[in-house]
Structure formats: C-alpha cells, structure tokens
Amino acid sequence: QAKEILVTGDWLTMHHALEPNYENDPVYLWSMALMFKLFGVSEFCARFPSAVYGALCVLMVFLTAERLRNYRFAIVSSLILAATWEFIRFSRYAHLDVCLSFFTAAAIYFFIRHELSVEPPSSAKRLGYAAGCGICAGFAILSKNIFGAFTIIAIAFYYLIKGDFKSLFSLNFFVAALLAAVLPGAWYLYQYNVNGLEFFRVHFGY
C-alpha cells in the first residue's frame, strides 16, 4: 500500500493491487511512502519508520516518567520498555501498532505537562499543552482507527473519577478533544466525498 501511494500518486486513499483499499489508516503508510520516495523501495525502508517510532516512544516514556517522579524513575521506566521483547519485535516490523503507541505516549506526555503545570488553568502555556495532546491524539486515530481515541477517553474518565467537572468542561479539554476529532475528521470527510459510505462500512467494519 505504501509503494502504491507513489505508483498512483494518491496520498489520501490507500490502494492494494491498484484498487482502493479502505481497511488501514494512513499515518504509518505515509511514513513508509516517504522513505520509499527518498531512498527507494526496500525492506529496510519499510521497517525503518517503525524503529523510529519505537525509539521516540521510549523517549516519550522517559520524559513522562521524569515529570511524574525523577530522573532515576525515568531511566528505569524507559529501559524497561526498551528491553521488552514484544516491544522490540513490533518495532522491527513494518507495523501500525508502534506508530499508534508513539502518538498515544506523546498525547499522554502533553496531558501530564498540562496537569502538572504551575501556570493558571487559563494560561496560554497550558492551552498549548492541551492542543499538543489533541494533535497527537488525532494522529493516533489516523494511525490505527478508534484505538487512537484512547487518550481523550482516558482523560475524560480521569476527570470523572476525580469529580473534576470544571476541567472536564474546560476550554483546554474542549480544544484537546476538538483537535483530536478534526484531524481524522478531515480525512474521513475526504473519504466520504470521494469513496462514499463504502469506505466507512469497510474501514470501521474491518
């Protein structure tokens, strides 16, 4: 599918055997196609983006853990992930899951920055963290369907469990949820205009 992005010149509708394919989301396939365009089609170029997303995911775990506790906790946390066999194995594949994991981890990082910020809730800095969370959550949805919505749903439950309804209905959470919806929503709207309801039947049915 990534190779056929270059063959067809169509970066928005995925193709397999030169026929439209509605099953997969595009972010990882875009990453592969970019590698193919720059360095040629090869197994290495197919796997490389997954390895990069895996390394960035370890970095996100480190940064998040450092914010939650301290440097030592961050080192141990990131080493545990980096030494987990299943994570290593998936990071070597040309696979959607590690791409999803990175954007989810990045969204959580921005949320932690938002929650632990000493700035007032209405400050531009905290709004920026909320926006970063929403953008990363949007890319997570574009990485592997509704699984990418985990972060926004988890944040909503977090506020509900805390009984923090002020934060749940705040501008910051609204901005995060809106951005998380707008990014994939633009792609879904394009698919509806070009491929109709068949896209949704296959994409979400699959």
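Q: How many aromatic pairs does the structure hold?
A: The model is predicted. Rings of Phe, Tyr and Trp count as a pair if their centres lie within 6.5 Å. On that basis, the number of aromatic pairs in the structure is 22.

Q: Is the aromatic pair of Tyr158 and Tyr159 stacked, tilted or edge-to-face?
A: The ring centres of Tyr158 and Tyr159 are 5.5 Å apart, with 50° between the planes. Planes under 30 degrees apart count as stacked and those over 60 as edge-to-face. The pair of Tyr158 and Tyr159 is therefore classed as tilted.

Q: Which of the terms buried, partly exposed and exposed applies to Tyr158, and which to Tyr159?
A: Buried means under 20% relative accessible area, and exposed means over 50%. Tyr158 has 33%, so this residue is partly exposed. Tyr159 has 2%, so this residue is buried.

Q: Which helices does the pair of Trp187 and Phe199 tie together?
A: Trp187 and Phe199 form an edge-to-face pair, 5.3 Å centre to centre with 85° between the planes. Both residues are buried, and they belong to one aromatic cluster that also includes Tyr22 and Phe204. The pair ties together parts 12 residues apart in sequence, because Trp187 lies in α10 and Phe199 in α11.

Q: Which helix gives the most residues to the largest nonpolar core?
A: The largest nonpolar core has 49 residues, and Met32, Tyr53, Phe102, Phe103 and Phe173 have the most contacts inside it. Helices that each supply at least two residues include α2, α3, α7 and α10. With 10 residues, the helix that gives the most is α6.

Q: Which residues does Phe103 contact, leaving aside neighbours within four places in sequence?
A: Phe103 is among the residues with the most contacts inside the largest nonpolar core. With those sequence neighbours left aside, its contacts are Val27, Tyr53, Cys136, Phe139, Ala140 and Ser143.

Q: Against which helices do the buried residues of α2 pack?
A: Helix α2 has 13 residues and reaches 18 Å from its first C-alpha to its last, close to the 18 Å expected. Its buried residues include Val27, Leu29, Met32 and Phe36. They pack against α1, α3, α6 and α7.

Q: Within what arc do the buried residues of α4 fall?
A: The end C-alpha atoms of α4 (residues 71–82) are 16 Å apart, which agrees with the span expected for 12 residues. Ala74, Ser77, Ser78 and Leu81 are the buried residues of this helix. Seen down the axis of α4, they line one face of the helix, because they fall within an arc of 90°.

Q: Which residue caps the N-terminal end of α4?
A: The buried residues of α4 pack against α3 and α5, while the face turned away carries the exposed residues Arg72, Leu79 and Ile80. The backbone nitrogen of Arg72 lies 3.2 Å from a side-chain oxygen of the capping residue, Asn70.

Q: How far apart in space are Ser91 and Ala55, C-alpha to C-alpha?
A: Ser91 is found in helix α5 and is buried, with a relative accessible area of 9%. Among the residues it touches are Arg47, Ser50 and Val98. Ser91 and Ala55 are 36 residues apart in sequence, and their distance in space is 8.4 Å.

Q: With which side chain does the side chain of Asn172 make a polar contact?
A: Asn172 lies in helix α10 and counts as buried at 9% relative accessibility. The residues it touches include Pro121, Arg126 and Leu127. Its side chain makes a polar contact, at 2.9 Å, with the side chain of His114.

Conventions
Residues are numbered from 1 along each chain as its sequence is written. This is a predicted model: local features need pLDDT of at least 70, side-chain atom pairs count only at pLDDT 80 or more; totals for chains, interfaces and linings use all residues. Side-chain values use heavy atoms; hydrogens and water are left out. Helices (H or I, at least four residues) and strands (E, at least two) are DSSP runs, numbered from the N terminus. Buried means under 20% relative accessible area, exposed over 50%, partly exposed in between (1.4 Å probe, protein chains only). Contact means heavy atoms within 4.5 Å. A nonpolar core is a set of buried Ala, Val, Leu, Ile, Met, Phe, Trp, Tyr and Cys residues joined through side-chain atoms within 4.5 Å. The expected span of a helix is 1.5 Å times one less than its number of residues. The arc is that of the directions from the helix axis to the C-beta atoms. A polar contact is a pair of N or O atoms within 3.5 Å; within protein, one must be able to donate a hydrogen and the other to accept it, and residues adjacent in sequence count only if both atoms are side-chain atoms. Rings of Phe, Tyr and Trp (its six-membered ring) pair if their centres lie within 6.5 Å; planes under 30 degrees apart count as stacked, over 60 as edge-to-face and the rest as tilted.
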